[in-house]
Amino acid sequence: MSEEYDNNKTSYQAQSSEVLGGASGTTPSDMDYVRPAEIPEQELYHAHSFIEKWVFCQDAKVIGVQYFLTAVFTGVVGLILSWLMRLQLGFPGLAGFMTAEHYYQFVTMHGMIMVVYFLTALFLGGFGNYLIPLMVGARDMVFPYVNMLSFWMFFVAVAVLMASFFVPGGPTGSGWTLYPPQAILEGTPGSGAGILLMLISLSLFVIGFTMGGLNYLITVLQARTRGMTLMRLPLTIWGIFTATVLAMLAFPALLVSSIMMTLDKVLGTSFFMPTIIKAGEVLEYGGGSPILFQHLFWFFGHPEVYIVALPAFGIVSDLISVHARKNIFGYRMMVWAIVGIGALSFFVWAHHMYVSGMNPWFGFFFATTTLIIAVPTAMKVYNWILTLWRGNIRINTVMLWCLGFIVTFVNGGITGIFLGNVSVDVPLSDTYFVVAHFHMVMGIAPLMVIMGAIYHWFPLVAGRMLDEKLGKWHFWATFLGAYSIYFPMHYLGFIGVPRRYFEMYDSPYMTSGVGLNEFISLAAFLVGAAQFILIYNIIKTLKTGKPAGKNPWQANSLEWFTSTVPPEHGNFGDRLPVVHRWAYDYSVPGAKEDFIPQTTPPSEVANTEVEKT
Amino acid sequence: MSDPKIEGFELKPGFKGMAEDTASDQTMFKGVHWGKAMMWIFLLSDTFVFSCFLISYMKGRASTPVEWPNPSEVFALNAFGVPVPLLLIAIMTFVLITSSGTMALAVKYGYEKNKKMCGWLVLATAIGGLTFVGMQVFEWSKLIHEGVRPWENPFGAAQFGSFFFMITGFHGFHVSIGVIFLFIYAYKVFAGHYESGKKGWFTKLKGDYVEIEILGLYWHFVDLVWVFIFAFFYLW
């Protein structure tokens with residue numbers, strides 16, 4: 001490892017001096033020509049104090065870590081909530097304090113935390129901030145100050161959300177979809193301050209995300225280094241970029257529906273509130289449309305699925321390619337599949353509303369668009385498998401997570417085809433089948449990618465290698481445990497067990513369901529506990545881990561070619577790298593080593609069968 | 001403004017040029033300032049916000065069982081004893097569109113480094129925006145005086161009041177933010193910050209006249225949104 005590290009370093013320095021010569025016109029080599037920089041050098045504000053360096057920091061890498069830690073904190077809260085829910089479902093009455101109201105509140109908060117405050121913030125805020133400037137070869141995000149504001153807005157949003165646990169009435173218990181009219185009417189848990197704080201928190205999240213999202217988009221579009229074309233970007237960047245575009249266009253619907261529901265709650269308007277008779281008394285609301293909220297919510301909610309999934313697709317493509325030592329199969333196809341999935345995701349939202357009472361023709365249209373999404377998605381799965389095919393696969397922890405992702409994603413995707421068809425969806429609606437489906441496809445699958453990404457990029461962030469043995473224990477416990485949770489849930493759904501029920505009592509489902517429920521709960525405790533292996537691993541590695549050195553995975557992309565490990569503010573030292581190729585030149589026939597970094601000029605690999613990119 | 005010159009890269013017109021720009025390295029929009037690109041993308045996102053508001057308004061108007069009030073009666077103003085429909089709104093629209101004109105001129109003089117003209121025109125735009133907000137306050141207070149509230153409305157459907165206050169309020173909020181920044185930028189132009197390269201209060205980075213154009217983009221957008229609100233709310 002150390003020998004390769006030294007080789008790398010010298011070859012890297014040789015290149016940069018060569019570029020220096022080329023630019024000043026002394027030894028112009030036509031083959032290695034890259035046109036001069038058209039963007040002036042970015043002016044950076046360097047931190048002067050501890051607070052500027054670690055708290056109100058303008059360095060995208062620190063902001064990325066801040067996002068990451070905050071998101072992980074909310075994720076742990078979400079995990080504990082899921083434990084409490086499984087405790088109630090598997091062993092009713094064991095937790096004495098648990099009432100039906102608490103259960104609904106935990107379901108709601110678990111859903112909202114995991115989808116918005118954990119996964120979205122982790123992928124876009126965490127990985128996006130850390131990786132975008134490094135992978136495109138920029139010194140930092142284009143608007144570091146706005147980027148800093150973005151994180152702190154997110155932080156305030158999380159604080160407001162967590163505050164709702166401590167207000168009178170507790171957090172909202174209306175289900176994570178917050179459907180009106182029940183979400184804001186008395187009788188629903190947390191219909192007072194709880195729902196209000198939730199709506200305010202969501203609005204703050206959208207504002208904060210918009211500030212971050214503008215940074216991600218402009219950095220990718222306008223701040224790439226010399227030689228970095230869009231079609232040479234690593235797929236990670238393509239995934240994060242497209243997801244950010246989706247978020248910029250989908251979050252407005254969430255913002256608008258939050259504002260309207262806040263007004264319904266606070267001012268007594270009736271945007272979403274029909275005429276309601278409660279205990280023989282007509283409420284003051286009337287004339288609004290609850291279905292309008294569902295349309296707005298799912299116009300946000302479906303792209304949201306892909307906001308989480310597309311970065312996962314992108315990251316997993318890179319991880320598979322690096323650890324199978326093979327170029328990604330069908331790079332251009334992969335890019336267009338990401339873009340195509342992103343575009344299609346805006347035309348499928350009403351498949352969440354088949355049972356809302358909308359016009360059946362509407363359902364027909366949305367079933368068609370939904371099933372069309374299977375085409376680009378399947379292309380991606382084939383390409384991942386074809387990348388692995390005859391690759392020089394390293395079965396390390398990262399690769400295990402990637403393989404786990406592919407299997408889980410295919411499983412979740414296939415149940416998606418069931419639910420995308422109206423006639424199959426109607427009987428399965430609101431059963432545990434739905435729970436199993438979306439946890440497989442947008443819970444466990446992206447989580448596997450996150451874990452793989454942590455094991456892959458931790459050496460860059462901290463400069464030390466995570467422990468492989470603990471990593472494998474972590475993987476197998478999570479993988480087998482997750483399947484023990486969600487496979488039986490499909491069956492529960494088929495026998496008709498409804499979701500969101502606090503207790504099944506003596507219902508007919510429970511003759512065969514009781515044992516299963518206990519089993520699922522035990523598996524859930526195990527999987528949750530297994531995540532603490534990772535936390536232990538990180539703490540242990542930070543203290544005694546093996547130093548990673550430079551480019552420990554022999555990867556090609558720019559984040560491994562920074563001036564120092566971990567990278568400092570400004571990322572690349574005096575001189576930005578110059579890119580000559582895509583990030584996937586692995587195992588090129590005729591090349592000295594099995595990887596050719598993006599910065600290697602063509603003249604150095606003239607006799608190899610390297611692809612033209 | 002003027003066509004940018006890019007070293008080692010030929011800018012071509014039409015779709016072919018667009019494709020070549022997209023396929024090139026470093027930047028996709030050649031010679032476009034980062035802040036300007038950011039403002040365009042922000043405005044695209046904001047377009048979705050206002051679209052959601054207006055589509056919700058259409059859906060709300062279509063689904064309420066009570067009759068929708070006639071806007072030309074509700075928004076009429078008595079001038080010399082005669083009720084003139086949409087009189088105030090016509091003036092408001094005129095003022096806002098005029099302020100867009102002064103903004104465009106400010107951008108032109110800014111790029112010509114004509115500090116004085118640029119500053120006065122930015123100031124004129126700010127005053128135009130302030131006048132608009134003032135007239136909106138007048139309109140709101142008139143309607144509130146007549147008994148229109150977000151939750152009720154003596155002229156018909158309660159949703160009329162709800163959507164009116166929400167959408168014009170959200171637009172007025174945008175205008176107010178714009179006015180605040182216009183005043184700040186007018187001060188910065190007069191004080192010569194864009195020529196001396198004085199660092200900003202928050203970002204601690206140097207400013208440039210391109211900031212006037214970026215604010216101009218925002219201002220024109222707010223103006224355009226008003227045209228849609230005008231068409232959907234007052235004319236329908």
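Two residues are taken to be in contact here if their C-beta atoms, placed from the backbone, lie within 7 Å. With that in mind, the tour can start, bearing in mind throughout that this is a predicted model.

**Stop 1: a helix pair in chain A.** Select residues 432-462 of chain A, which form helix H13, and then add residues 468-494 of chain A, which form helix H14. On the H13(A) side of their contact you will find A:Tyr432, A:Phe433, A:Val434, A:Val435, A:Ala436, A:His439, A:Met440, A:Ile444 and A:Tyr455, and these meet A:Gly471, A:Ala482, A:Tyr486, A:Met489, A:His490, A:Leu492, A:Gly493 and A:Phe494 in H14(A). If you colour this contact by residue type, it divides into 13 nonpolar and four polar residues, with no charged residue in it.

Now turn the view until both helix axes can be followed from end to end. Two packed helices are described by the angle between their axes and the distance between the axes. The axes of H13(A) and H14(A) come within 8 Å and cross at roughly 170°. Angles over 145 degrees count as roughly antiparallel, and H13(A) and H14(A) are therefore roughly antiparallel to each other.

**Stop 2: the domains of chain A.** Widen the selection to the whole of chain A and colour its three ranges separately, with domain 1 at 56-233, domain 2 at 395-548 and domain 3 at 550-613. Between the centres of domain 2 and domain 3 of chain A, taken over C-alpha atoms, there are 35 Å. Where the two touch, eight residues of domain 2 of chain A are in contact with six residues of domain 3 of chain A. Which helix gives the most to the domain 2 side of chain A that touches domain 3 of chain A? Helix H13 of chain A does, with five residues. That side of domain 2 of chain A holds six nonpolar and two polar residues, and no charged ones.

**Stop 3: chain B.** Finally, select chain B, whose C-alpha atoms fill a box of roughly 65 × 40 × 30 Å along the principal axes. In cartoon view, look for eight helices and two strands, which run α-α-α-β-β-α-α-α-α-α from the N terminus on. Colouring residues 1-31 and 34-235 of chain B separately shows domain 1 and domain 2, whose centres, taken over C-alpha atoms, are separated by 34 Å. Of the 236 residues of chain B, 33% count as buried. Among contacts in chain B with a separation of 6 or more, 70% are accounted for by residues 24 or more positions apart.

Conventions: Residues are numbered from 1 along each chain as its sequence is written. Chains are lettered from A and ligands numbered from 1 in the order in which they are written. This is a predicted model: local features need pLDDT of at least 70, side-chain atom pairs count only at pLDDT 80 or more; totals for chains, interfaces and linings use all residues. Domain bounds come from an automatic or database domain assignment. Helices (H or I, at least four residues) and strands (E, at least two) are DSSP runs, numbered from the N terminus. Ala, Val, Leu, Ile, Met, Phe, Trp, Tyr, Cys and Pro count as nonpolar, Asp, Glu, Lys and Arg as charged, and the others, Gly among them, as polar. A residue is buried if 20 or more other C-beta atoms lie within 10 Å of its own, exposed if 12 or fewer, and partly exposed in between; C-beta atoms are placed from the backbone. Axes are lines fitted to C-alpha atoms, for helices over the stretch in contact, and angles run from 0 to 180 degrees between N-to-C directions. Angles under 35 degrees count as roughly parallel, over 145 as roughly antiparallel, 65 to 115 as roughly perpendicular and the rest as oblique.
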